[in-house]
Amino acid sequence: MVNTHDTQGCLPLTPLALHVLVALGNGELHGYGIIKDIEERTDGGLTLRSGTLYTALQRLLEAGWIEDAPPPDAAAVDPRRRYYRITELGRAVAAAESARLARMLADARERRLAPGDAGA
């Protein structure tokens, strides 16, 4: 089991790193699948070029937050596509970052700075 105290030195994450980790939270994806997931979750607010994504993926691989994964269904998949999955450490880092952001949002709400709050 990963100790969340070990993840604190990794924070804060870049928005792109967190988006990629969240995209992989439900299972293996290839690069284009990650791009589409992020685009859909942000309602088109974040669109990535493949070069930007693959640079981020390489950093996440080196950090041990993601790893290569076998295709979900090898018979129906293009063999040229590389699949990725989140590691246990990656999940712990994403959870720690999510908790950090939740605390920040709570502080913003307390100060009436969050969207939808009176005075915001």
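Let me begin with what surrounds helix α1, whose buried residues pack against β1 (29-30), α2 (31-41), α3 (50-63), β2 (66-69), β3 (83-86) and α4 (88-110). Please keep in mind throughout that this is a predicted model. The buried residues in question are L16, A17, L18, H19, V20, L21 and A23. Since seven of the nine residues of α1, which runs over residues 15-23, are buried, this helix is largely enclosed by the rest of the structure. For those who are new to helices, an α-helix has 3.6 residues a turn, so residues three or four places apart point the same way.

With that helix in mind, let us step back to the whole chain. There are four helices and three strands in the protein chain, and if you read along the sequence you will meet them in the pattern α-β-α-α-β-β-α. The chain has 120 residues, of which 32% are buried. The accessible surface comes to about 7,700 Å², and carbon and sulfur atoms account for 52% of that surface. If we take the contacts between residues at least 6 apart in sequence, 50% of them join residues that are at least 24 apart.

Now to the strands. In what order do the three strands of the open sheet lie? The order is β1-β3-β2, and the pairing is antiparallel. Here β1 and β2 stand at the edges, each with a single partner strand, so one side of each is left without a neighbour in the sheet. As a reminder, strands of a sheet pair through backbone hydrogen bonds, either parallel or antiparallel. If we follow the two pairings in turn, β2 and β3 are joined in the antiparallel sense over four bridges, with I66 standing opposite I86 in β3. On the other side, β1 and β3 pair over two bridges, again in the antiparallel sense, and there L29 stands opposite Y84 in β3.

Y84 brings us to a residue outside the sheet, namely Y54, which is found in helix α3. Leaving aside residues up to four places away in sequence, Y54 touches G31, Y32 and Y84. Although Y54 and G31 are 23 residues apart along the chain, their C-alpha atoms are separated by 7.5 Å. Is Y54 buried, exposed or partly exposed? With a relative accessible area of 40%, Y54 counts as partly exposed, because the range for that class lies between 20% and 50%.

G31 belongs to the next part of the picture, helix α2, where G31, G33, I34, I35 and I38 are buried. Among the elements that cover these buried residues of α2 are α1, β1, α3 and β3.

Let us turn to the space at the surface. The largest pocket holds about 170 Å³ of space, and the residues that line this pocket are L13, T14, L16, A17, T52, T55, A56, R59, L60 and W65. Two elements, α1 and α3, give two or more residues to this lining. Which of the elements gives the largest share of the lining? That is α3, with five residues. By character, the lining divides into six nonpolar residues, three polar ones and one charged one. You may have noticed that L16 and A17 appear in this lining, and they are also listed among the buried residues of α1.

Finally, I would like to show you some places where the backbone is less usual. Most residues other than glycine have a negative phi, and most peptide bonds are trans. Against that background, L11 and P12 are joined by a cis peptide bond, with omega at about -5 degrees, and P12 lies in the segment before α1. D43, a residue other than glycine, has a positive phi near 50 degrees, and D43 sits in the loop between α2 and α3. With a relative accessible area of 76%, D43 is exposed. A positive phi, near 55 degrees, is also found at R112, which is likewise a residue other than glycine. R112 is in the segment after α4, and, with a relative accessible area of 54%, R112 is exposed.

Methods:
Residues numbered from 1 in each chain as written. Predicted model: local features only at pLDDT ≥ 70, side-chain atom pairs only at ≥ 80, totals over all residues. Heavy atoms only, no water. Buried < 20%, exposed > 50% of the residue type's maximum accessible area, 1.4 Å probe, protein only. Contact = heavy atoms within 4.5 Å. Pairing = 2+ DSSP bridges. 1 Å grid on protein atoms, 1.4 Å probe; cavity = no way out; pocket = protein on both sides within 12 Å on 5 of 7 lines; lining within 4 Å. Points joined across faces, edges and corners; volume = space filled by probe spheres on them. Nonpolar A, V, L, I, M, F, W, Y, C, P; charged D, E, K, R; others polar. Areas by Shrake-Rupley, 256 points an atom, 1.4 Å probe, with all protein chains shown as cover.
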